[in-house]
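Work through the exercises below with the sequence and coordinates open. Try each task before reading its solution.

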Amino acid sequence: PHRLQPLQYLNLPGVVARNDFNTGLNVRGGEADQNLILLDGFPIYNPFHLGGLFSTFMDATVGGIQLMTGAYPARYGGRLSSVLDVRSAEETRGGVNATVDVSAIGASAKLGGVIQDGRGTWSIAGRRTYADAVTAAFTENVFPYHFRDLHARSTYALSGSLRLAVTAYAGADALDLDLADFENDTLSPQARDGAWTFDWGNQVVGASIARDFGTAATFEQRVSTSSFSTLLDVGGGSHQQRNAIREFRLTGTLAARRGRHDPSIGYDLATYRTRYSSGAAQTGVSDFELRQRPSSAAAWMEDLWRVGSRWLLEAGIRGEMLSGRNWGAVSPRVSAKYFATRDLALTAAVGRMTQWTHSLAGDGPLRYFDIWIASDSIVPVTTAWHYVAGAERRVGDVASLKAEGYVKRYDRVLEVNASDDPRRRGDELLVADGLSYGVDLLARLLPADRGLSGWVAYSYGWSSRSRDGARWAPGHDRRHDLDVVATWRGSRYRFGARIGYATGSPYTPIVGQ
């Protein structure tokens, strides 16, 4: 696991964004909607603000981030590219503690503490930007945008072996624009002048209960609900576009510890409610209306096997089904690590991934939000195979080196159809084949109490898509990406710097439409 600030995973090898104004992750040639993003193990759909400029995760609330960029274990499913697991920071200090962070465009605050001599912890944090209020002090043309976040976390030990944890998050973006306010003497009023309301946001509520059976096994049961919604209202109801997805999920895991084996089994049940519509509330006219209510079920088993003193073998299999399309599949996952010496290890992995929730956001330079729909009788389930091989070396207790090559082959990947007919169902997405391959290098200087730490990351990647005999590069295709991240810790102060260099992405502007 990498102990990172919320946006530093963009500086890791194999992870790129379309540009410096977008934190949508493109992991090893994948699309931005192909990443499973978890908050304390609970799914979150769109963890970004203002087209990807800001993360929804506040620095003070993040305890750790684990990023799995390929061939991840069988317990994870539903996405093709990667898993980003964000863990909330647990309060360990007694009493009530407060943290406040104030910047030029926003402020955040966190309260937290422990209860009953450490049996329980709690924290609550909030953030609100005030660019709209700051601009109001200098001009009548107020910047009509703000976002807010609320993050709460609580844990409690019911007994020595029974633990309860609850996580809640709510975030919202609001863009309320009246184009008539921006008129001046050189512009004449137009029919398009008027009010625009653009709102979108995430909500996640999840609870888990875990029980230890001595040192032999642990059972954990999770229940959560996650939702994401968008609303564009033009002219006070003269035209509206809506998208919403709500997911209710039950997940259970039983993990055992038995000598050289750590077997585990689990299940995953989920129901989805999606709506994608366009119309005019004032007149009751509907251009289109898509409502979906699929359900998914998955069961998995895996085992971490320590073979002698040199081999680690993790093998698993995941079976999945989806209603609405009568689809089912079995996906194997295998990874191995061989310790050639105490400090040098060779790694390899292969696995099949599937995905049945998809975004219609497209491949544009900015990604304000995702528009989610589910696979059904028209939209297929997408699949991909991951192949990974690499080497890792630890240099004492001060540094580590890692090199990894990968191939990702898409049996089916969906591309947004820029020429779709809004009145026709089924042409929103086009099915293509895909191939991504490359090499990732990472050199880390491990943190110490004082002095320099950081890493150097380099990625070489190649991505392509093909359909009907035509082949092209997706917009995030990039050959070279180099990042240098450094931190110097003193007795009282900490200084950081980041240098990035990347070859450009090919782009052809639209000259007529």
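Accessible areas here come from the Shrake-Rupley method with a 1.4 Å probe. The model is predicted.

**Exercise 1. Surface and fold**

Task: Find the accessible surface of the protein chain and the share that belongs to carbon and sulfur atoms. Then describe the chain by its burial, contacts and secondary structure.

Solution:
- Step 1. The accessible surface comes to about 25500 Å². Carbon and sulfur atoms hold 58% of that surface.
- Step 2. Turn to burial. The protein chain has 513 residues, and 44% of them count as buried.
- Step 3. Take contacts between residues at least 6 apart in sequence. Of these, 59% join residues at least 24 apart.
- Step 4. Assign secondary structure. The chain has one helix and 31 strands.

**Exercise 2. Salt bridges and burial**

Task: Classify both partners of the E91–R93, E247–R249 and D343–R342 salt bridges as buried, partly exposed or exposed. Use under 20% relative accessible area for buried and over 50% for exposed.

Solution:
- Step 1. Start with the total: the structure holds 25 salt bridges.
- Step 2. E91 and R93 meet at 3.0 Å, N to O. E91 has a relative accessible area of 9%, so E91 is buried. R93 reaches 44%, so R93 is partly exposed.
- Step 3. E247 and R249 meet at 2.6 Å, N to O. E247 counts as buried because its relative accessibility is 2%. R249 is buried too, at 14%.
- Step 4. D343 and R342 meet at 3.7 Å, N to O. D343 is partly exposed at 29%. R342 is exposed at 76%.
- Step 5. Now look for shared partners. Salt bridges join E247, R249, D268, R318 and E320 into one network.

**Exercise 3. A nonpolar patch**

Task: List the residues that make the nonpolar surface patch of about 800 Å². Then place W488 in its strand.

Solution:
- Step 1. The patch is made by V395, V398, L401, L445, L452, W488, Y493 and F495.
- Step 2. W488 lies in strand β30, which spans residues 480-489.
- Step 3. Check its accessibility. Patch residues need over 30% relative accessible area. W488 has 43%, so W488 is partly exposed.

**Exercise 4. An open sheet**

Task: Give the strand order of the open four-stranded sheet. Explain why β4 and β7 each have one side without a neighbour.

Solution:
- Step 1. The order is β4-β3-β8-β7, and the pairing is mixed.
- Step 2. β4 (42-43) and β7 (62-68) stand at the edges. Each has a single partner strand, so one side of each lacks a neighbour in the sheet.
- Step 3. Inspect one pair. β7 and β8 (residues 82-88) run in the antiparallel sense over six bridges.
- Step 4. Pick out one bridge: Q66 is partnered by D85 in β8.
- Step 5. Recall the chemistry. Strands of a sheet pair through backbone hydrogen bonds, either parallel or antiparallel.

**Exercise 5. Nonpolar cores**

Task: Identify which members of the largest nonpolar core touch the most other members. Then trace which elements supply the core.

Solution:
- Step 1. This core has 20 residues; I44, F57, L84, V86 and W455 touch the most other members.
- Step 2. Elements giving two or more residues are β3 (35-39), β7, β8 and β28 (451-467).
- Step 3. β7 gives the most, with three residues.
- Step 4. A second, separate core has 14 residues, including Y145, W200, L322 and W327.

How values were computed:
Residues are numbered from 1 along each chain as its sequence is written. This is a predicted model: local features need pLDDT of at least 70, side-chain atom pairs count only at pLDDT 80 or more; totals for chains, interfaces and linings use all residues. Side-chain values use heavy atoms; hydrogens and water are left out. Buried means under 20% relative accessible area, exposed over 50%, partly exposed in between (1.4 Å probe, protein chains only). Contact means heavy atoms within 4.5 Å. A salt bridge is a side-chain nitrogen of Lys or Arg within 4 Å of a carboxyl oxygen of Asp or Glu. Patches are made of residues with over 30% relative accessible area and no salt bridge: like charges are joined within 9 Å, nonpolar side chains (Val, Leu, Ile, Met, Phe, Trp, Tyr) within 5 Å. Two strands pair if DSSP finds at least two bridges between them. A nonpolar core is a set of buried Ala, Val, Leu, Ile, Met, Phe, Trp, Tyr and Cys residues joined through side-chain atoms within 4.5 Å.
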